Amino acid sequence: MNIVGHLINGTLSEAAERTQDVFNPATGEVTKQVALASKDTVEEAIAAAQAAYPAWRNTPPAKRAKIMFRFKQLLEENAEQICAMIGEEHGKISHDAMGELTRGIENVEYACYAPELLKGEHSRNVGPNIDSWSEMQPLGVVAGITPFNFPAMVPLWMYPLAIVCGNTFVLKPSERDPSSTLFVAQLLQEAGLPDGVMNVVNGDKIAVDTLLTDSRVQAVSFVGSTPIAEYVYATASANGKRCQALGGAKNHAIIMPDADMDNAVAAMTGAAFGSSGERCMALSVAVCVGDEAADSLIEKMTEAMKDLKVGAYSDASNDFGPVITEAHKNKVNGYINSAEEQGATIVVDGRNPQVAGFENGFFVGGTLIDNVKPGMKCYDEEIFGPVLLVVRAETMDEAMQMINDHEYGNGTCIFTRDGEAARYFTDNILVGMVGINVPLPVPVSYHSFGGWKRSLFGNLSAYGPDGVRFYTNRKTITQRWPSSGVREGVQFSFPS
Ligand code: NAD
């Protein structure tokens, strides 16, 4: 059986002291094994990145960017193959995989601006004959640790930008769907990247812990669930590293009584059930202001959900695929069971749907649950499945208070026709990414992506301008060349 190995110093390696099964979630079959790196293997990758750093750091940014231009071209040429790999191991439908890859490529396009992004700042004559400028210097070896749900896009949030900024990189992808991530990294190598600048180690906690504690790693970008994000942030910080750790989510949409309900239902159907709800920006809670809005939403959503098609990634007419593993399917079903036990109303029940020809797949159908309240397990925790909860609120302030009280603050959205209400919402909501009639307000590559509260540990968001700041150290230089023959006196007061 195929083993998905590592990319170290420009060479594919299958060093596999231990392996783990990789499944096709649509069939439930094991299709591959993924190598789980030992500490030694990870150290080998760090050493390769460390050795490649001095020459790469001194490579002109425009030359680094040229490699990214070629990489973008290769990603586009190989897009269908990449999407098929994503579908086979993640389960998402080909059109959804193409959406993820397209957003990832936009991050490569942003990285192509390297010479512009790294220009720094310059001030002439900050004092008599004194000039001052700030440079953005690379950090050294940077590590990235990524989740299963965007095996192409989330790694592309990290390493193109880190690398054009002059760093070298070690990526630890999700062990659950590793093939597309490794293949994409090989394309960067093919684009002309020197050996050792980009390395991939597949693995589990052993690989992660090695990256978090090795003194040669200067910074860590993490994306995944909140408990692991918190652990990664604490461990990396305790080991003196810069860290940004993006965690889980519970994204609420407020449905105002004046909302265009047909458009809101269409928007929420895609945002709640697309990719089986396995998106950190998925809308998983609809908070309806007033019973009239709630009843109308339930009626129209129930109707829309009759057309939902769950199935295998290879049939582009499907709306969404299976969830990632059997264990995750059971977990999602467990949340639906708990909602029922705690008094919520299951309006559309997606437990154990029948998918002809894929009886052993890890499928959960679209599920709609009404009369959910804070304090219920299904409300308090992230489900990460195709489940939309409906909560009823009497006022907009009550709806906003629920969002502000929730531990997560990744994304949110308001559906309304009232500009004043929308402005009040964006001003006062404690969430990092906010949509107004936009259900998935994922920032474009030249802005930055990051939640608030326990959805992000660290001060800087991912990619965009924050990404450049994260992957560089600012150095400010103040320079004077004394004029010949002019003697400077001793000065004891603070220079001003
Ligand atoms: P996860 O936390 O299980 O895994 C993420 C990474 O951490 C993987 O590479 C995994 O190997 C590693 N890991 C897992 N357990 C570990 C441990 N005990 N010690 C050290 N490393 C460990 O997350 P997942 O299930 O792959 O992804 C889904 C989660 O990611 C959801 O919570 C989702 O909301 C979140 N997510 C967040 C964002 C965001 O931008 N905020 C984006 C995508 C996904």
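This passage looks at how the protein holds its ligand. The structure is a predicted model, in which local features need pLDDT of at least 70 and side-chain atom pairs count only at pLDDT 80 or more, while totals for chains, interfaces and linings use all residues. Residues are numbered from 1 along each chain as its sequence is written, and side-chain values use heavy atoms, with hydrogens and water left out.

The ligand has 27 residues around it (a heavy atom within 4 Å), and K172, E175, R176, S225 and E382 come closest. Some of these put polar side-chain atoms by ligand oxygens (N or O pairs within 3.5 Å): S225 at 2.6 Å, K172 at 2.7 Å and E175 at 2.7 Å. On its own the ligand has 840 Å² of accessible area (Shrake-Rupley, 1.4 Å probe), and the protein covers 89% of that.

As for make-up, the shell has 14 nonpolar, eight polar and five charged residues, with Gly counted as polar and Asp, Glu, Lys and Arg as charged. Domain 1 (3-247 + 455-477) and domain 2 (251-436) each supply at least three shell residues, the bounds coming from an automatic or database assignment.

Note on methods: Polar contact = N/O pair within 3.5 Å; in protein donor to acceptor, adjacent residues only side chain to side chain.
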